[in-house]
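Student: I'd like a close look at a single part of this model. Pick one stretch, then tie it to what surrounds it.

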Amino acid sequence: MALSFNLEYGYTGQPNLGKVFFLSIGAYVAGAVVAHTIAALTGYGEDLFTARAANARLLYAAANPGAILGLFAVILVLATLAGAAFGVLASYPALRLRGDFLAIVLIAVGEVGRVFVRTYQPIAGGNIGTGGVPNPFVFLGDRTGRVAFSLVALALALVVFLLVQRLSNTPFGRVLKSVRDDELVSNVLGKRAPQVKALVLAVGSGIAAIAGVLWAFWYQTVAADDFVPQTTFLVVAMVLLGGAANHRGALVGAIAMTVMDHVTRPSFYAILGLEVRIPFDINYLRYILIGLLIILILRFRPEGLLPETPVRTPALAVAAADATPSKSTPESSDTP
């Protein structure tokens, strides 16, 4: 999520504050495909959003490891395509709106999407949600299966990091920054800023949908009310803290904010056997800290922990070499 937001905002200047919506797209695809596919394979004809249906899905996954692993791989592809498609649709307001106005529109898109899915049951079970989205490695047991899934999630994070790092350090990466810095000049130079915005939102939204798939399979349930704007602002804080337009900074920010997110949850202290007694809900402390952190970063260190670095492409090295006069080049003479 942080890497995709960094690609959109840090490199292209598109403040996608509806980021959680594209996360939810991946989760909805995972829940819907798992529920309907397993029902078709087992001949289950009852309500797909009951506890009985969820238990049936878990039992099927435990007994058919090849099927659930294959389903997981297919869902990753489908969710990426769905996220990219919705990203292209979201690029239309980006063509006419900039800055604060674009951010407000995309927040509204995320909230409208959440409310719609919550009230329209066929997508994700409405208020109930879709349970029984099995861990693809459930056949290994609960603990071992979660460790295996964590390793897969880390591997996917590494692949995404290498992808966005490679993409950013290409001529296309320079185009992204040119659109961010001065869209008018980019258009004058023939860079077609609208197409660039559509492409970067498609790529970023597809990556966010992958995160949504991992979300669904990790928590093993998909509910519309899980995808609230606070998740977007957590991702924004990750990128601002680590450093916009620096993917290594996004990783640092993601680690730091994840640690803060965990230590401000009651469950963290319960696991440690500690009892925290404060006169307010500790969960609200997390939201206060995230907002305060964003304000402090923007005020005192807007470049983040790891500042932006220049785009590094082979073309720059070639240009530098061509600009350096060769020692073997004979000196010019004034003799006619």
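**Buried helices and their contacts**

Tutor: Helix H2 is mostly covered, with 18 of its 24 residues buried. Everything here refers to a predicted model. H2 runs over residues 19–42. Its first and last C-alpha atoms are 35 Å apart, close to the 34 Å expected. Gly43 follows just after H2, with a positive phi of about 75°.

Some context on the chain. It holds 15 helices and 2 strands. Of its 336 residues, 43% count as buried. The C-alpha trace spans about 95 × 50 × 40 Å along its principal axes. Among contacts with a separation of 6 or more, 77% join residues 24 or more positions apart. The exposed area is about 17600 Å², and carbon and sulfur atoms supply 67% of it. Charge next: 24 side chains are positive and 19 negative, and the centres of the two sets lie 2 Å apart.

Now Gly87, which links back to H2. Gly87 sits in helix H4, residues 65–96. Its relative accessible area is 0%, so it counts as buried. Beyond its sequence neighbours within four places, Gly87 contacts Phe22, Leu201, Ala202 and Ser205. Phe22 falls within H2. Leu201, Ala202 and Ser205 fall within helix H10, residues 193–219. Leu199 is a further reference point: 112 residues from Gly87 in sequence, but 8.3 Å away C-alpha to C-alpha.

H10 is largely enclosed by the rest of the structure, because 20 of its 27 residues are buried. Its end C-alpha atoms are 39 Å apart, so the span agrees with the 39 Å that 27 residues should give at 1.5 Å a residue. Just after H10, Gln220 takes a positive phi of about 60°.

The part to study closely is helix H7, residues 142–168. Its 27 residues should span 39 Å, and the ends are 38 Å apart, so the length agrees. Its buried residues are Gly145, Ala148, Phe149, Val160, Phe161, Val164, Gln165 and Ser168. Keep the geometry of a helix in mind when reading that list. An α-helix has 3.6 residues a turn, so residues three or four places apart point the same way. The cover over these buried residues includes H1, H4, H8, H10 and H12.

Ser168 shows that cover in detail. It is the last residue of H7. Its relative accessible area is 1%, under the 20% cut-off, so it is buried. Leaving out residues up to four places away, Ser168 touches Leu7, Tyr11, Gly173, His247 and Val311. Leu7 and Tyr11 belong to H1, Gly173 to H8 and His247 to H12. With His247 there is also a polar contact, side chain to side chain, at 2.7 Å.

Beside His247 in sequence is Arg248, also in H12. How buried or exposed is Arg248? Its relative accessible area is 49%, so Arg248 is partly exposed. Past its neighbours within four places, Arg248 contacts Phe161, Gln165 and Leu306. Phe161 and Gln165 are both among the buried residues of H7. Thr144 is another matter: 104 residues from Arg248 along the chain, and 30 Å away between C-alpha atoms.

To recap: H12 meets H7 through the polar contact of His247 with Ser168, and through Arg248 against Phe161 and Gln165.

Terms used:
Residues numbered from 1 in each chain as written. Predicted model: local features only at pLDDT ≥ 70, side-chain atom pairs only at ≥ 80, totals over all residues. Heavy atoms only, no water. Helix = DSSP H or I, 4+ residues; strand = E, 2+ residues; numbered from the N terminus. Expected span 1.5 Å × (residues − 1). Buried < 20%, exposed > 50% of the residue type's maximum accessible area, 1.4 Å probe, protein only. Contact = heavy atoms within 4.5 Å. Areas by Shrake-Rupley, 256 points an atom, 1.4 Å probe, with all protein chains shown as cover. Lys, Arg positive; Asp, Glu negative; His and termini not counted. Charge placed at Lys NZ, Arg CZ, Asp CG, Glu CD. Polar contact = N/O pair within 3.5 Å; in protein donor to acceptor, adjacent residues only side chain to side chain.
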